[in-house]
Every structure is written in C-alpha cells, then in structure tokens.
Number of protein chains: 2
Amino acid sequence: MKDIKEFPEKEIAIYEGALELVAKFGFHGTSMSLLTKEANVSTGTVYHYFSSKDDLMKKMYCYYRSKVEAHVSGQLEGKKEYKQRFYSRWKALYLYYTRNPKVLQFFEQFINSPYNQERSPHHFTGAYFTFLKEGIDNKYLKPTKPEIYVAMYMGSVVMASKINVFGSILLDEKDRELLINKLWYGMAEV
Amino acid sequence: MKDIKEFPEKEIAIYEGALELVAKFGFHGTSMSLLTKEANVSTGTVYHYFSSKDDLMKKMYCYYRSKVEAHVSGQLEGKKEYKQRFYSRWKALYLYYTRNPKVLQFFEQFINSPYNQERSPHHFTGAYFTFLKEGIDNKYLKPTKPEIYVAMYMGSVVMASKINVFGSILLDEKDRELLINKLWYGMAEV
DNA sequence: GCGTATAGAATGAACGTTCGATCTAAAGTT
DNA sequence: AACTTTAGATCGAACGTTCATTCTATACGC
C-alpha cells in the first residue's frame with residue numbers, strides 16, 4: 001500500500017483545509033477562494049495538483065479512505081482469531097470516526113453526493129463485505145446473505161459514531177463491548 | 001398532526017422538484033434556475049414561499065420528515081404488542097426508504113450538511129429513541145443505554161436501505177425478518 | 001537553464017436574490 | 001347584480017456578487 005507520507009506537503013495542506021471547510025460549510029460552502037486561505041496556498045497551487053474541484057474531492061475521498069483503512073488494519077495486527085478481529089474491526093473504525101469526526105462528516109456527504117459516481121453504499125463495503133463473508137464461509141457466522149451482516153455491522157458502527165459526534169454521547173469501552181457482544185450473538189449464535 | 005394536503009400546490013411542486021435535483025446533482029448542483037425549470041414555477045414564486053435557499057432546504061426537510069413519520073405510524077395502527085411494533089417499525093422505514101430512495105439521499109445529505117443546525121444524528125432519533133427506551137423501561141429489552149439500541153436498530157435500517165438503493169440488492173421479506181430476528185435476539189434475549 | 005512549483009490578478013459564467021409588473025379571486029360597496 | 005378595491009400569488013428580467021478556472025509572472029531545484 002502507498003505510504004501516506006509520500007504525498008507532497010502542499011497537497012496534504014489542501015486536503016486538510018478542505019476537510020475543515022467541508023465539515024464547517026459543506027460542499028457548496030467550500031469555495032476555492034476560501035480553500036486557498038484555509039490551506040495557505042494559491043489558486044495556482046491547487047490547480048497544479050488537481051485538475052478541478054471535482055477532481056480534488058474525488059482524490060480527497062481516496063486520501064482519507066486510505067488513511068482509515070491503514071488505521072483499521074494497523075489495529076488488526078497480530079489478531080488471528082476471527083472473533084477477535086470481529087471485535088477489533090468494529091472498535092477501530094468507531095474510534096477513528098469519533099476521533100476524526102470531520103472525516104466521517106466528509107465521507108457521509110461525499111457518499112450521498114453526485115461526486116460519488118461508483119454509487120457504492122459505503123466506503124468499506126468492499127473490505128467489510130469480504131470480512132463478513134469470510135466469517136460465513138468458515139462457519140464462524142451463521143449462514144445467510146452477507147448483506148444482512150454488512151447492514152448490521154457497518155450500520156451500527158456508523159450510527160454509533162454519528163450519535164457520538166452529533167450528540168456528544170460517548171459510548172465507553174464497556175458500552176462498545178456490549179454492543180458488539182449483541183451483534184456477535186445475533187450473527188454467530190442464532 | 002397537520003395534514004400534508006394542506007400545503008399549497010406550488011409549494012409541493014417546489015419540494016418535489018428540489019428532491020429530484022438534490023438526488024441527481026446534490027445541494028451544490030441544485031441551483032435556483034434549475035429548480036424553477038424542474039418545478040415549473042418562477043423565481044418569484046419560490047421566494048414568495050421561502051425567504052432563501054437555506055429556508056427552502058430546512059422546510060423541505062421538515063416536509064419529508066413528516067411524510068415519513070406519517071407513513072411509519074400508519075403502518076403501526078392496531079399493533080399493540082411491543083415485539084410486533086419492533087418488527088413493524090423497522091420494516092415500515094425500510095420499505096419507505098427503498099421505495100423513495102431520493103428521500104433517503106436527501107436526508108443523508110441534509111443531516112451531514114451545515115443546513116442541519118440542530119446537529120441531530122438522525123431525523124428519527126427522537127421517536128425511535130423513545131420507542132427503544134420504552135422497551136427497556138418495560139423490560140421487553142435488556143437494560144442498557146438506549147443509545148446502544150438506537151445505533152443497532154437505526155443503523156441497520158439505514159444501512160440496509162442504502163445497500164438496496166446504491167447496490168440494487170433487495171432484501172426480500174424473509175431476509176428482513178431474519179435481520180430483525182437477530183436484532184431482537186441481541187436486544188431482548190441476551 | 002529548464003522543468004516543476006507557487007503566486008495572485010483577471011475572466012466570464014453562473015449564482016442567489018430583488019423588484020416592479022401582472023394576474024386572480026375574494027371582499028366590500030352601492 | 002355590477003363595479004371597485006385589495007391582498008396575495010405569480011411572473012421573469014435585472015442586479016451585484018461570487019464562483020471555478022485560466023493566465024501570466026516569478027521563484028526554486030537540479
């Protein structure tokens with residue numbers, strides 16, 4: 001996987017500035033002139049790295065997506081047991097989103113916007129679908145359509161993160177453990 | 001509850017036109033000039049009913065929110081058993097979203113945008129939080145923080161709907177029943 | 001000294017909004 | 001019943017602003 005540190009300094013500054021603005025003012029409120037001020041770069045620089053605003057948003061999505069993926073897989077190192085990974089994946093994603101709420105807000109706005117051409121229901125359907133299907137195929141999880149598990153697993157992470165971000169209600173370690181327990185029971189034991 | 005039919009014809013035309021455009025082009029792509037063509041009204045008419053584009057979007061959110069609420073409570077009529085309502089609520093919302101995907105897309109874009117001042121994590125946190133808390137208080141559901149159940153319940157509806165809308169994978173009646181069974185098991189029996 | 005990186009003024013298109021004109025239909029007046 | 005008044009609804013051209021993008025010029029790195 002490509003190391004994130006390889007990105008040019010200015011390109012990262014643009015991503016970070018845009019993240020702030022999209023979270024604060026939304027897509028329609030994130031103008032190029034605001035962005036140049038926020039990121040301390042000139043218009044010329046932005047158009048040196050990106051061919052258009054559309055292009056910027058799409059690359060920005062890939063950038064943060066790869067950051068999240070790197071974070072999640074970093075948390076999985078050394079975890080071999082399926083059940084252990086089932087718990088760790090959920091927690092890793094929840095922690096990333098609650099610590100980086102602007103990334104979550106950006107994702108949610110991006111995915112439901114026309115920028116998202118692929119029309120993928122979620123940035124992680126791929127990796128998480130595979131993970132849950134693996135669980136079914138290896139009989140860790142009860143057999144059924146994997147989409148059912150994607151809905152339960154991903155849905156609860158995203159919603160729990162949003163509840164935290166918007167409502168300032170933090171689920172502590174025990175709450176999270178309980179939630180995943182309930183998911184696991186439903187998916188592995190019934 | 002206010003009857004939806006009471007809205008002036010033109011106002012509804014504006015809402016419906018805006019819904020099309022937001023689903024197709026997003027907030028930033030929904031310009032007033034496009035909207036006047038889509039809804040077959042003049043600019044003057046739009047500004048007669050709404051003081052600004054912001055105002056339009058906020059009222060539009062309330063409009064569709066009340067439509068969804070009316071649909072869900074309509075499906076609940078005569079259902080008295082808590083478990084029955086637990087199943088019906090989930091199904092009613094899922095069916096509404098999958099039949100009206102543009103409403104779901106609009107909600108998701110709105111909620112994560114700066115238009116949403118209240119910063120409510122979801123349009124239904126209120127009603128559904130109350131419903132799930134009722135389940136806990138009356139011992140239909142195992143005692144815990146209601147937010148945990150909101151995350152599981154609402155998260156799975158929204159994600160399942162999105163999987164259907166974006167991915168064209170329909171969960172049939174049996175799939176849905178199974179999903180809710182698993183939710184119920186985790187929340188009521190463990 | 002040549003290609004890449006940065007700057008910021010310039011540009012024309014498109015934006016949200018305003019405004020005065022016109023229409024409609026009910027209320028008031030005789 | 002016929003005429004007048006009035007207030008709300010509708011229209012679309014016009015306005016000033018802001019937008020994404022382009023262009024030209026300057027600095028840097030090899």
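Okay, quick bit of vocabulary before I start: when I say a residue is near a DNA strand, I mean its C-beta atom, placed from the backbone, lies within 6 Å of that strand. And please keep in mind that this is a predicted model.

So, DNA strand C. Which helix gives the largest share of the surface near that strand? That's H3(A), with 4 residues. Helix H3 (43-49) of chain A isn't working alone, though: helix H2 (32-39) and helix H3 (43-49) of chain B each supply at least two residues as well. In total, 15 residues surround strand C, and A:Ser42, A:Gly44, B:Ser31, B:Ser52 and B:Lys53 are the closest. If you sort that surface by class, you get 10 polar, 3 nonpolar and 2 charged residues.

Now over to DNA strand D. Here we have 15 residues around the strand, the closest being A:Ser31, A:Met32, A:Ser52, B:Gly44 and B:His48. Two or more residues each come from helix H2 (32-39) and H3 of chain A, and from H3 of chain B. The largest share, 4 residues, is from H3(B) this time. The classes are 3 nonpolar, 10 polar and 2 charged.

How do the two protein chains relate? Chain B can be laid on chain A by a turn of 180 degrees and a shift of 0.0 Å along the axis, with an RMSD of 0.1 Å. That's what a two-fold axis does.

Next, the place where the chains meet. We have 44 residues of chain B in contact with 44 residues of chain A. On the chain B side, helices H1 (9-29), H6 (101-111), H8 (146-167) and H9 (173-189) each put in at least two residues. H8(B) gives the largest share, 15 residues. That side of chain B divides into 22 nonpolar, 14 polar and 8 charged residues. And 100% of the interface residues of chain B are interface residues in chain A too, so the copies meet through the same surface.

Last stop, helix H7 of chain B, residues 125-137. With 13 residues at 1.5 Å each, H7 should span 18 Å, and the end C-alpha atoms sit 17 Å apart, which agrees. Which residues of H7(B) are buried? They're B:Tyr128, B:Leu132 and B:Gly135. Looking down the helix axis, those buried residues fall within an arc of 50 degrees, so they line one face. Their cover includes helix H5 (82-99) and H8 of chain B. On the other side of H7(B), you'll find B:Gly126, B:Thr130 and B:Asp137 exposed. And just after H7(B), B:Lys139 takes a positive phi of about 65 degrees.

Key
Residues are numbered from 1 along each chain as its sequence is written. Chains are lettered from A and ligands numbered from 1 in the order in which they are written. This is a predicted model: local features need pLDDT of at least 70, side-chain atom pairs count only at pLDDT 80 or more; totals for chains, interfaces and linings use all residues. Two residues are in contact if their C-beta atoms, placed from the backbone, lie within 7 Å. Ala, Val, Leu, Ile, Met, Phe, Trp, Tyr, Cys and Pro count as nonpolar, Asp, Glu, Lys and Arg as charged, and the others, Gly among them, as polar. Copies are superposed by least squares on the C-alpha atoms of residues with pLDDT of at least 70 in both. The expected span of a helix is 1.5 Å times one less than its number of residues. A residue is buried if 20 or more other C-beta atoms lie within 10 Å of its own, exposed if 12 or fewer, and partly exposed in between; C-beta atoms are placed from the backbone. The arc is that of the directions from the helix axis to the C-beta atoms.
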